[in-house]
Amino acid sequence: EKLGYYCLLQVLPEWNNAEGDACDIVLVLRGLSQYKTKNHQLNLMWNISHPDKISNEEYNSYDIVFVSSNIWAENLKKSLDTRVEVMHQCTDIDIFKPYSNDEYRHQLLFVGNSRNVFRKSLQYLLPTKYELAVFGTLWEKFIDKKYIKGLHVDNRDVYKYYSNADIVLNDHWDSMQE
């Protein structure tokens with residue numbers, strides 16, 4: 001939009017409406033859900049998670065596939081007919097910026113839902129003598145409730161928490177880690 005292009009942002013329930021069909025270029029941030037490409041559009045996929053859920057046929061339905069791993073890009077290039085490029089994941093520095101406020105200070109911080117599994121970054125850490133703050137859902141059966149500091153952090157506020165943590169913990173699905 002800053003360059004003068006019309007942009008339309010659509011979430012999953014809006015993928016097949018007429019407004020989206022009128023676009024010339026479609027960039028799909030491919031996670032768990034498959035998008036049905038349309039021949040009259042330039043179709044771009046940015047595979048940001050769950051590469052194990054995507055078939056070669058689906059990849060090949062796109063004009064260009066972007067992945068965030070150099071290794072994965074090289075593997076895909078060997079088995080696909082479509083163009084594959086690396087586009088590393090990034091953030092908007094106008095939104096995700098340094099912020100100092102003791103209200104958000106934690107020694108160790110994990111922001112994310114358990115997904116009904118004992119995620120490895122916490123499994124390997126616990127128990128700990130350090131002050132740990134976990135924000136997310138479905139943690140009660142995996143970790144002591146003393147670590148659970150909230151069920152949700154609004155995406156607009158994540159930078160406040162990350163900026164004030166000594167260490168931010170994170171992990172990936174196994175397929176993403178591989």
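Helices (H or I, at least four residues) and strands (E, at least two) are here DSSP runs, numbered from the N terminus. The model is predicted, so that local features need pLDDT of at least 70 and side-chain atom pairs count only at pLDDT 80 or more, while totals for chains, interfaces and linings use all residues. Residues are numbered from 1 along each chain as its sequence is written, and side-chain values use heavy atoms, with hydrogens and water left out.

**Exercise 1.** Work out how many helices and strands the protein chain has, and in what order the elements run.

*Solution.* Begin with the count, which gives six helices and eight strands for the protein chain. Then follow the elements from the N terminus on, where they run α-β-β-α-β-α-β-β-α-β-β-α-β-α.

**Exercise 2.** Describe the open sheet of four strands, with its order, its edges and the helix that packs on it.

*Solution.* First take the strand order of this open sheet, which is 1-2-3-4 with parallel pairing; two strands pair if DSSP finds at least two bridges between them. The edge strands, each pairing on one side only, are strand 1 (25-30) and strand 4 (83-86). From one strand to the next, the twist averages 20 degrees. Next look at strand 1 and strand 2 (residues 42-47), which pair in the parallel sense over six bridges, and where Leu29 has Trp46 in strand 2 as its bridge partner. Finally, helix 3 (residues 70-79) packs on the sheet and touches strand 2, strand 3 (64-67) and strand 4, contact meaning heavy atoms within 4.5 Å.

**Exercise 3.** Identify the strands that pair with strand 5, and give the hand of the crossover from strand 5 to strand 6.

*Solution.* Strand 5 (residues 106-111) pairs in the parallel sense with strand 8 (residues 165-169) over four bridges, and Phe110 has Leu169 in strand 8 as its bridge partner. Strand 5 also pairs in the parallel sense with strand 6 (residues 132-135), over four bridges, where the bridge partner of Leu108 is Leu132. The chain crosses from strand 5 through helix 4 (residues 120-125) to strand 6 in a right-handed β-α-β crossover, the term meaning that, with the strands pointing away from the viewer, the path from the first strand over the helix to the second runs clockwise.

**Exercise 4.** Decide whether Arg30 is buried or exposed, and find the side chain with which its own makes a polar contact.

*Solution.* Arg30 lies in strand 1. Arg30 is buried because its relative accessible area is 2%, and buried means under 20%, exposed over 50% and partly exposed in between (1.4 Å probe, protein chains only). The side chain of Arg30 makes a polar contact with the side chain of Glu58 (2.7 Å); such a contact is a pair of N or O atoms within 3.5 Å, and within protein one must be able to donate a hydrogen and the other to accept it, while residues adjacent in sequence count only if both atoms are side-chain atoms.

Notes
Axes fitted to C-alpha atoms, helices over the stretch in contact; angles between N-to-C directions.
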